[in-house]
Amino acid sequence: MNIIPIKLERATAPRTTKIVEWRLSNVCNFNCSFCPNEFKDGSKRPLSLENYIKIVDNLIDQSNGKNVWFQFSGGEPTLYPKLIELLSHIKNRGGYTSLLSNGSRTLRFWQDLADKNVLNRLFLSYHPEQENSPNHIIAVNEIMQKTDTLVTMFVTTQTDPSLFQKALAGHLKILAEATAISTLKVIGETSTSIQPYSKDQLSIIQNNLYVRSPKWKLQSPEKFNSMKSIPYYDSEMILEFSDGSKRKNSAQEFVNHGLTQFKDWECDVGKDLMIIEIDEVFRSVCRQGGPIFKNLEEDVSWMTDSIICQKENCNCSLDVQEPKRKINT
Ligand code: SF4
Ligand code: SF4
């Protein structure tokens, strides 16, 4: 008998969190060579704070008591002048906040954000192609480490040998000087393949993933306790096969092992995951089913129905985290 996958479910069910991935604009003050123009050409601006607050309120009001995570990116999301007000509103409403940033705003901006203590998660990227030294981003990290925010530093690598060395030197400097979790990051050539790194480069990257610096390990127990109280979303999934056997992995591991072909499956994207792409809303990163809201003036809300997948490969770990099942078996 041909044994095939038939169902993908969350390892911890029911899920207690909903996730909104929110790209505020494509305005950026950097010009990374690997970044597509659509992410940085400034053609799409953010909307008003009032508009965003209405959406946040709708999504929290309709979450059926689940925790709602709002993760902001861009462009560079810290260039949105009302960002701190938006994060503060989400926290006041009981939501959770996360930010992907190049860290380039002034230390005064970061101190203002730290003083409000309204950020649960921060992913700070150091792009060696854009900045000669990580000194500024190390200073930003040290400010944010004094808050309840869990910070991870991403150091972007590129295959060009001098840029690769610069990235590695930056990562090692961060680990030597900062209270940091730092990781080397591979860069994609297309949305589905990474740049052609050499074997040595890949091995160095593999040995430098999510490294905790000596100073980070000395952080006070209070910080760890405050981090433990946050309901971080869990990406563990269980894949069930037609013979009744099951395999448990993180969503990313299922992607890495090529076990994410769900064409013609019924998929629950849109129920607990939403992608706001500046002025349009999708169920998921894969954009299957097309936009569910074509502008942000509409009453943006969670989906209650499932869709039939038309895509050969489900290759984003966020998308893989949504339950799905083979139909007509
Ligand atoms: S900082 Fe981010 S958004 Fe800006 S150009 Fe670089 S990769 Fe693109
Ligand atoms: S590609 Fe999209 S629709 Fe298809 S299974 Fe993945 S998340 Fe669901």
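What follows is a chat about a predicted model, its ligand 1 and the strands and loops around it.

Reader: Which residues are around ligand 1?

Author: In this predicted model, the residues around ligand 1 are Cys-28, Phe-30, Asn-31, Cys-32, Cys-35, Phe-39, Lys-40, Gly-74, Gly-75, Glu-76, Asn-102 and His-127.

Reader: And how does that shell around ligand 1 divide by class?

Author: The shell is made up of five nonpolar residues, five polar residues and two charged residues.

Reader: You listed Gly-74 and Gly-75; what is the peptide bond from Gly-74 to Gly-75, cis or trans?

Author: That bond is cis, with omega near 20 degrees, and Gly-75, which is also among the residues around ligand 1, has its place in the loop between β3 and α2.

Reader: Let me turn to strand β4: is it enclosed or open?

Author: Strand β4, residues 96–101, is largely enclosed by the rest of the structure, because six of its six residues are buried.

Reader: Which residues point one way from β4, and which the other way?

Author: Tyr-96, Ser-98 and Leu-100 point one way, whereas Thr-97, Leu-99 and Ser-101 point the other way, and all are buried. As a general matter, side chains in a regular strand alternate between the two faces of the sheet.

Reader: In which sense do β3 and β4 pair, parallel or antiparallel?

Author: Strand β3, residues 67–73, pairs with β4 in the parallel sense over four bridges, and within β4 the bridge partner of Gln-71 is Ser-98. With helix α2, residues 83–92, placed in the unit as well, β3 and β4 make a right-handed β-α-β unit.

Reader: What about β4 and β5, over how many bridges do they pair?

Author: They pair over four bridges, in the parallel sense, with β5 spanning residues 121–126; in β5, Leu-100 has Phe-123 as its bridge partner. Here β4, helix α3 (residues 107–116) and β5 make a right-handed β-α-β unit.

Reader: Changing topic, what is phi of Tyr-210, and where is the place of that residue?

Author: Phi of Tyr-210 is near 50 degrees, which is a positive value in a residue other than glycine, and Tyr-210 has its place in the loop between α6 (199–206) and β8 (211–212).

Reader: Why does Tyr-210 count as exposed?

Author: Tyr-210 is exposed because it has 11 other C-beta atoms within 10 Å, and a residue counts as exposed with 12 or fewer.

Reader: And what about Arg-287, what is its phi?

Author: Phi of Arg-287 is near 65 degrees, a positive value in a residue other than glycine. Arg-287 is found in the loop between β13 (280–282) and β14 (307–308), and it counts as partly exposed because it has 15 C-beta neighbours inside 10 Å.

Methods:
Residues are numbered from 1 along each chain as its sequence is written. Chains are lettered from A and ligands numbered from 1 in the order in which they are written. This is a predicted model: local features need pLDDT of at least 70, side-chain atom pairs count only at pLDDT 80 or more; totals for chains, interfaces and linings use all residues. A residue is near a molecule or strand if its C-beta atom, placed from the backbone, lies within 6 Å of it. Ala, Val, Leu, Ile, Met, Phe, Trp, Tyr, Cys and Pro count as nonpolar, Asp, Glu, Lys and Arg as charged, and the others, Gly among them, as polar. A residue is buried if 20 or more other C-beta atoms lie within 10 Å of its own, exposed if 12 or fewer, and partly exposed in between; C-beta atoms are placed from the backbone. Helices (H or I, at least four residues) and strands (E, at least two) are DSSP runs, numbered from the N terminus. Two strands pair if DSSP finds at least two bridges between them. A crossover is right-handed if, with the strands pointing away from the viewer, the path from the first strand over the helix to the second runs clockwise.
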